[in-house]
Amino acid sequence: MSETILQLGRSQFGKPENAGNLMTLEDAHALLNEWVPNERLRLHMKQVAAVMKAWAIEKENADEHTALKWELAGLLHDADWEKYPNDHCRVIIEKLEEMNIDPEVIHCIASHGPKYFGVQPETKMDKMIYVFDELSGFIHAAALIRPTRYEGMDVKSVLKKLKTLSFAAQVNRDDITDALSRTNYSLEEIVDFIIAHQKDVQ
Ligand SMILES: [Fe+2]
């Protein structure tokens, strides 16, 4: 969900001395509830957060603090999208800078749409949010048209729908290809991981 074109015009975010400063999940959810009245959009962020957290723990051997970092980036990456569509990304970045949040979290959010925000994903966390963002939304759209939703959903059917450009046409397939090319993972692997980890998010 990064349709807005807004070049941020900078590549440094937050302050190095704030490394390690996070917020509680409770505070992040409170911010989300206040900034994002749209339940569907809130769900999107919760899904990306769940997938990010699971990836950090299962694939990156992250400790609790690092996993929270990945989760917070996912949870807040579109927090300003509903209220500030023309300033999407800038507003949440400035808010997190004001709150002295860890620069890695802020950079991750700033780089989740390189074409739109002009910030390149650098860390593993940056690259994974970019990979997960569009695909997570796409998979949810695919689940919504199935009578059993996520139940019995398989990777093959998602790949087939991705090739059907008229389905969820707003999901930019080039962004997905670009994001994947910056990792060593296959589309199949990522789709499988997303289905498994966002299916129960409410
Ligand atoms: Fe998103």
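# Close-up views of an all-helix predicted model

**Figure 1. Overall view of the protein, with its burial and its helices.** Of the 202 residues in the protein, 40% are buried. The coordinates are those of a predicted model, in which the protein has ten helices and zero strands, so that its elements, read from the N terminus, run α-α-α-α-α-α-α-α-α-α. The radius of gyration is 16 Å, close to the 17 Å that the globule rule gives for 202 residues, and the protein is therefore as compact as a globular protein of that length. Taken along the principal axes, the box filled by the C-alpha atoms is roughly 45 × 35 × 35 Å. When contacts between residues at least 6 apart in sequence are considered, 70% of them join residues at least 24 apart.

**Figure 2. Helix α7 and its kink.** Helix α7 covers residues 124-144, and its 21 residues reach 30 Å from the first C-alpha to the last, close to the 30 Å expected at 1.5 Å a residue. The helix nevertheless has a kink of about 25°, which is centred on F132. Most of α7 is covered, with 17 of its 21 residues buried.

**Figure 3. The largest nonpolar core and the place of L135 within it.** The largest nonpolar core has 51 residues, and those with the most contacts inside it are M52, A73, I109, I129, F132, L135 and I194. Helix α7 supplies the largest share of this core, namely ten residues. In soluble globular proteins, nonpolar side chains tend to be buried together. F132, on which the kink of α7 is centred, is among the residues with the most contacts inside the core. For L135, once neighbours within four places in sequence are left aside, the contacts are with I176, I190, V191 and I194; of these partners, I194 is also listed among the residues with the most contacts inside the core.

**Figure 4. Helix α3 and the helices packed around its buried residues.** Helix α3 (residues 64-76) has 13 residues, which at 1.5 Å a residue should span 18 Å, and the separation of 18 Å between its end C-alpha atoms agrees with this. Its buried residues are L68, K69, W70, E71, L72, A73, G74, L75 and L76, a list that includes the charged residues K69 and E71. These buried residues pack against α1 (25-35), α2 (39-60), α4 (90-98), α5 (103-110) and α7. L68, which is found in helix α3, has 21 other C-beta atoms within 10 Å and is therefore buried, the cut-off being 20 or more. Its C-alpha atom is separated by 11 Å from that of W55, and L68 and W55 are 13 residues apart along the chain.

**Figure 5. D78 and C89 in the loop between α3 and α4.** D78 lies in the loop between α3 and α4, and it counts as buried, with 26 C-beta neighbours inside 10 Å. D78 and R42 are 36 residues apart in sequence, while their C-alpha atoms are 8.7 Å apart in space. C89 also has its place in the loop between α3 and α4, where it is buried, with 27 other C-beta atoms within 10 Å. The phi of C89 is near 95°, a positive value in a residue other than glycine.

**Figure 6. Q47 in helix α2 and the residues it touches.** Q47 lies in helix α2 and is buried, with 25 other C-beta atoms within 10 Å. Not counting residues up to four places away in sequence, Q47 touches S136, H140, Q198 and V201. The C-alpha atoms of Q47 and C89, which are 42 residues apart along the chain, are separated by 18 Å.

**Figure 7. N100 and K115, a loop residue and a helix residue.** N100 is found in the loop between α4 and α5, and although it is not a glycine, it has a positive phi of about 55°. With 13 C-beta neighbours inside 10 Å, N100 counts as partly exposed. K115 lies in helix α6 (residues 114-117) and has 12 other C-beta atoms within 10 Å; because the cut-off for an exposed residue is 12 or fewer, K115 is exposed. The C-alpha atoms of K115 and A179 are separated by 11 Å, although K115 and A179 are 64 residues apart along the chain.

Note on methods: Residues are numbered from 1 along each chain as its sequence is written. This is a predicted model: local features need pLDDT of at least 70, side-chain atom pairs count only at pLDDT 80 or more; totals for chains, interfaces and linings use all residues. Helices (H or I, at least four residues) and strands (E, at least two) are DSSP runs, numbered from the N terminus. The expected span of a helix is 1.5 Å times one less than its number of residues. The bend at a residue is the angle between axes fitted to the seven residues ending there and the seven starting there. A nonpolar core is a set of buried Ala, Val, Leu, Ile, Met, Phe, Trp, Tyr and Cys residues joined through C-beta atoms within 7 Å. Two residues are in contact if their C-beta atoms, placed from the backbone, lie within 7 Å. The radius of gyration is taken over C-alpha atoms; the globule rule is 2.2 Å times the number of residues to the power 0.38.
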